[in-house]
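Here are my notes on the model you sent, set out as numbered points. Please read them with the structure open beside you.

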Amino acid sequence: MIKITATSLVLIFFMLCARAQEITAAKKKSTDSAALMNEVVVTASRIPEKILQSPVSIEKVGVQYFKNSAAPSFFDALENVKGVQVIVPGIGFKVINTRGFANTTNVRFAQLVDGMDIQAPHIGGPIANALGPGDLDIESAEVITGTAAALYGMNTINGLANFITLSPFTSQGISVQQKMGVNHLSDANSAAKIFSETSIRIARVLSPKFAFKMNGTFTRGYDWIADDHTDLNAAANATLSLTGANNPAMDPVNGYGNESSNRRTLSLQGKNYVVARSGYYEKHVADYALQNGKGDVGLFYKINNEAELSYSYRFAVMDNIYQRSNRFRLENYTVQQHGVKLKTKSVTVQAYWNRENTGNSYNLRSMAENTDKAFKSDDNWFSDYTSRFNSSVAGGAAIVNALQSARSFADSGRLQPGTAKYEAVFNKLKNINNWDSGAALKVRANLINIDGQINLTEDLLAGFNRTTGVELLAGFDYRTYVVIPDGNYFINPVGGKKNDNLVYGKTGGFISATKEFFKKKLKAGASLRADKNDYFSTAWNPRFTLVYSSASKNNFRIAYQSGSRFPGLFEGFSNVNSGGVKRVGGLKVMSDGVFEHSYLKTSIDAFQAAVTKDVNITGISKNEAIKKNASLLVKNSYTYLKPENIKSVEMGYRGVFLQSKLFLDIDFYYNVYHSFIAQVEASVPKTQLPDSISYYLNDKKLQDRYRLWTNSKTTVYTYGGSAGIKYNFSKEFLIGANISYASLDKKTSNDGLEDGFNTPKWMTNISVSNPHLYKNFGAGITYRSQRSYYWQSFLVNGLVPAYHTVDMQVNYAFTKPQLGLKLGTSNLFNHYYYSFLGGPHVGGFYYLTLTCNVDRK
């Protein structure tokens, strides 16, 4: 990627602003609560409707909200929207979720731009706002904070966000924005770092029928650092009273190369010791330099006053940190989208093609463990460790000292970060596409989508509508994923097609009907959706809604709907070897025979721990201990993948009071989840002789180890609600407050496979703002509070501490030239916090944004 300095970006910004024409900028009054909440939304029911009468929970925020927010960008500002949870794997990678079961790759929540899904195909979800609009082109964001699967299908059982951009027909001109910031203040792992982001938007109407727009954003900075040293394997040698720094099997959260696949049980001086290789901390294998570029081009043609044809192209190139089960460094990672849309008064049809290329990205864990192996093989390292331990003990050394001496001897000559030898190995491993011996992430994947909808009663059945009052809407969608097999991450499992592209697709459609009763006070709606996915039978999902408006300012709603989520590419077709463990997709075409012959890793771990305990404490032989504890081994009872399902009931109220100065929005929900798509770890012994199985499962070399995608057997019940208030209490002062509650009600069982709920019970946001506090000065302040919660993932489980942050901004609007200045801070008091375990420590971010409009109309 071309290197551009922050200084050159600032100079370019001021050169462009110097050309600004004198434009009189009329003060725009902040809209009151009634105006805000009577806005029209299209995402909730896929047709325009007033937000007050929307049948489901939906939030809409626009330009004024983003301007008042102290968040550095419009995307960051969504964290303060009612019901929205954001977790932060990195500055360039933030994840939006609603109503529980959050994770760092949220495949249950979709992000759309003008109705088009911006997911990275192989990931199955978006990479933050990589393909989304920038601050200069965003008009509004509509967020459904609950399941939307009955109308939108795949990846929306937790909700969706639709980012709506500015039309060049109504907003043309040139806008330039320069953002400068600083982070890592008082950070023990880093000196303060400069952040820079430059954006430009150009839009022109060339004729009454034709317009175009272009956007570009270039970002440079230094990512937040993950450096949690908490030992994930603290009890491994507890029977020998070896804990804390004396534990030879230590596995720090953000230390890699010392996980289960890098450990062995060594028989030393008649005792069993669990020993891990030394590994490296993340900060030694990760490049935290952030450099992202993105842009888009749009062409718009008005066929007539009611029909428009458009083409859009979006692209992004990223260098940042990303997290899945492991953490990754993305380098020259590119995603693109080509889209075509035809929109008339009653019909919308669109087609888009998403492309993804992971470039020079790599797996941090694989990099660490294979750097260790490049220095010395596992067999040689453990042999050296054993010999030095035995000689040290024979020489009279205490056990703790002997263990330390053994590690120092085995690590003698180990590659050290920053040295030429280390860098040479590092660069070599980045290009080896096999995680058993390298670290490269090499994936090229495509998503092709065609969808459309028609309001049947707008034109075709207008007479039916006049006679019955029923409004009918129908839609369809077709999606195909195409992956170019790389031989490691993805293969084509079909016999005789090893070198052919892997193709996986679905077709779906819905029909929706609404009708008003009792002089339009009651609006009833019903819809039915069908989805047919490769490898699965058709799934049927209904939605029923009622909205009762006792007066124009008081609206009650209730809805029931179900939704399905089919396995994504990685869940269905993954084929990754990593540290001796194969991560394999849960479709039968990928894992045929594995489920039937494997044993659960949880039982194997318990079995091996019991064997070690008996050898160390009771003094019996290893063979006797194996026989004694063989009954602890449990056959794998899980099987091949099927879709997830949710059934949801939701109630709510929206109302406006006090001469339209006060708006209130309340919702409650109850969800039932079946068949969570999750992972189970299991091993297949390299023998089928019943008497030998337990001996094979006590030795990693005598078993094939797998991580399999399957379905949880647990049915999970969750409930919660949220309340939001907006009040124009004096002149243009706007106070906003919202609180959200989410709880895991119960489980029918606890097989441990369902995704962690990973959501705080309580989240609170309070904000006060005034866009014209004094003359051309505006200001805003936001307080955010999040309770502690339990985080569950394959990387780490544990309690995420509660945190509280204050964001603040002041802004000033010049008129000659038309220039806006915003000085702000996110996490004003620089209290470092974790938004989830395994992720980075997030501190304060302090920034100055200048926005210049040149000939903006």
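1. In this predicted model, the strands β23 (470-484), β24 (502-517), β25 (522-533) and β26 (539-551) each give at least two residues to the lining of the second largest cavity, and the largest share, five residues, comes from β25. The space inside this second largest cavity comes to about 200 Å³. Its lining consists of 19 residues, and those nearest the centre are Ser45, Thr514, Gly525, Arg543 and Thr545. By class, the lining of the second largest cavity holds eight nonpolar, seven polar and four charged residues.

2. How many cavities of 30 Å³ or more does a search of the whole structure find? The search returns 13, and the largest of them encloses about 850 Å³ of space. Lining this largest cavity are 46 residues, among which Ser73, Asp76, Ile91, Gly92 and Lys94 are the closest to its centre. Sorted by class, the lining of the largest cavity contains 22 nonpolar, 15 polar and nine charged residues. Rolling a probe the size of a water molecule over the atoms is what shows where empty space is left.

3. Which strand supplies the largest share of the lining of the largest cavity? That strand is β17 (residues 289-304), with four residues, and it is worth following β17 to its partners. With strand β12 (residues 210-222), β17 pairs in the antiparallel sense over 13 bridges, and within this pairing phenylalanine 218 stands opposite glycine 293 of β17. With strand β18 (residues 307-323), β17 is again joined by 13 bridges in an antiparallel arrangement, where phenylalanine 300 has serine 310 in β18 as its bridge partner. The connection from β17 to β18 is a hairpin of two residues.

4. An open sheet of five strands runs in the order β3-β8-β9-β6-β7, and its pairing is mixed. Its edges are β3 (58-62) and β7 (116-117), and because each has a single partner strand, one side of each is left without a neighbour in the sheet. Within this sheet, strand β8 (residues 138-144) and strand β9 (residues 159-165) run antiparallel and are joined by six bridges; isoleucine 144 has leucine 160 in β9 as its bridge partner.

5. Another open sheet of five strands has the order β28-β29-β34-β33-β30, with mixed pairing. Here β28 (575-578) and β30 (599-600) stand at the edges, each with a single partner strand, so that one side of each lacks a neighbour in the sheet. The pairing of β30 with strand β33 (residues 677-685) is antiparallel and spans two bridges, and the bridge partner of leucine 600 in β33 is alanine 682.

6. On the helical side of the model, helix α8 (residues 378-394) packs against helix α9 (residues 399-410) at an angle of about 140 degrees, with the axes 8 Å apart, and the crossing is right-handed. Residues of α8 in this contact include Trp381, Tyr385, Arg388 and Phe389, while those of α9 include Ile399, Leu403, Arg407 and Phe409. Taken by class, the residues of the contact between α8 and α9 comprise 10 nonpolar, three polar and three charged.

Definitions and conventions. Residues are numbered from 1 along each chain as its sequence is written. This is a predicted model: local features need pLDDT of at least 70, side-chain atom pairs count only at pLDDT 80 or more; totals for chains, interfaces and linings use all residues. Side-chain values use heavy atoms; hydrogens and water are left out. On a 1 Å grid over the protein atoms alone, a cavity is a set of points where a 1.4 Å probe fits but cannot get out, and a pocket is an open set with protein on both sides within 12 Å along at least five of seven lines; lining residues have an atom within 4 Å of a point. Grid points are joined across faces, edges and corners, and a volume is the space filled by probe spheres set on the points. Ala, Val, Leu, Ile, Met, Phe, Trp, Tyr, Cys and Pro count as nonpolar, Asp, Glu, Lys and Arg as charged, and the others, Gly among them, as polar. Two strands pair if DSSP finds at least two bridges between them. Axes are lines fitted to C-alpha atoms, for helices over the stretch in contact, and angles run from 0 to 180 degrees between N-to-C directions. A crossing is left-handed if the near helix is turned anticlockwise from the far one by less than a right angle, and right-handed if clockwise. Contact means heavy atoms within 4.5 Å.
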